[in-house]
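Visitor: I have a model open and would like to test the labels people put on it. Could you walk me through the reasoning?

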Amino acid sequence: TGLVGISLAVRSLENHECDHCVVAAASIEPCQDGYYIAENAISSDGRTCAYDKNGTGFVPGSGAAAVVLKRYGDAVRDGDNILGVIKGIAVGNDGNRKIGFAAPSIQGEYEVISRVMKEAKFTPDDVTYIEGHGTATPLGDSVEISALKKVYGDKKNGSLLLGSVKSNIGHTDLVAG
């Protein structure tokens, strides 16, 4: 997916294999005049209601994205317009531990989130917003929420906001990250 490309680019920058990377992904949904319904995955009502008890799945979407990545010090030195800073990144595949194709395992998600937090040197109290995957399915969303609860527990210093852009644009497949 696009996020795996981001991860590879970050590691290449850290290892000084390059000085900047362009990472891009595109996914075009060929059928724009309707879509098929797949129970427990594709929305039956044409809406993506991530983290909503009434969510019936996601709506497919089309999208494209590109980003230029540089080491932070180089970007500051060059006077670049910095829109964000990647503090930590991790890729996971929980293989046979996952519940099925539609949802990873709680433990697998927990491990990836924990690795990112450790690399970024963040504590749960440092994070106030998470852009989640948000499948809008009872299974996928509950696994994601359970993994987040395992990492963040009950935040002491404020709240943890959770959202998913999928509710606005649909699931853009490999561009979703």
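Visitor: Let's start with sulfur. How many disulfides does the structure hold?

Guide: Zero. Do keep in mind that this is a predicted model.

Visitor: What makes the sulfurs of Cys18 and Cys21 too far for a bond?

Guide: The cut-off is a pair of cysteine sulfur atoms within 2.5 Å. The closest cysteine sulfur to that of Cys18 is in Cys21, at 3.2 Å, so the pair is too far for a bond.

Visitor: Why is Cys21 called buried?

Guide: Buried means under 20% relative accessible area. Cys21 has 13%, so Cys21 is buried.

Visitor: Now helix H1, residues 2–14. How do you know that its span agrees with what it should be?

Guide: At 1.5 Å a residue, the 13 residues should span 18 Å, and the end C-alpha atoms are 19 Å apart, which agrees.

Visitor: Which residues of H1 are buried, and what do they pack against?

Guide: The buried residues are Gly2, Ile6, Ser7, Ala9, Val10, Ser12 and Leu13. They pack against strand E1 (20–27) and strand E2 (63–70). Just after H1, His16 takes a positive phi of about 55°.

Visitor: What makes Lys150 count as lying over the face of Tyr110?

Guide: The charge must be within 6 Å of the ring centre and within 35 degrees of the ring normal. Lys150 is at 4.7 Å from the ring centre of Tyr110 and lies over its face.

Visitor: And how many aromatic pairs does the structure hold?

Guide: Zero. For a pair, ring centres have to lie within 6.5 Å.

Notes. Residues are numbered from 1 along each chain as its sequence is written. This is a predicted model: local features need pLDDT of at least 70, side-chain atom pairs count only at pLDDT 80 or more; totals for chains, interfaces and linings use all residues. Side-chain values use heavy atoms; hydrogens and water are left out. Rings of Phe, Tyr and Trp (its six-membered ring) pair if their centres lie within 6.5 Å; planes under 30 degrees apart count as stacked, over 60 as edge-to-face and the rest as tilted. Helices (H or I, at least four residues) and strands (E, at least two) are DSSP runs, numbered from the N terminus. The expected span of a helix is 1.5 Å times one less than its number of residues. Buried means under 20% relative accessible area, exposed over 50%, partly exposed in between (1.4 Å probe, protein chains only). Contact means heavy atoms within 4.5 Å.
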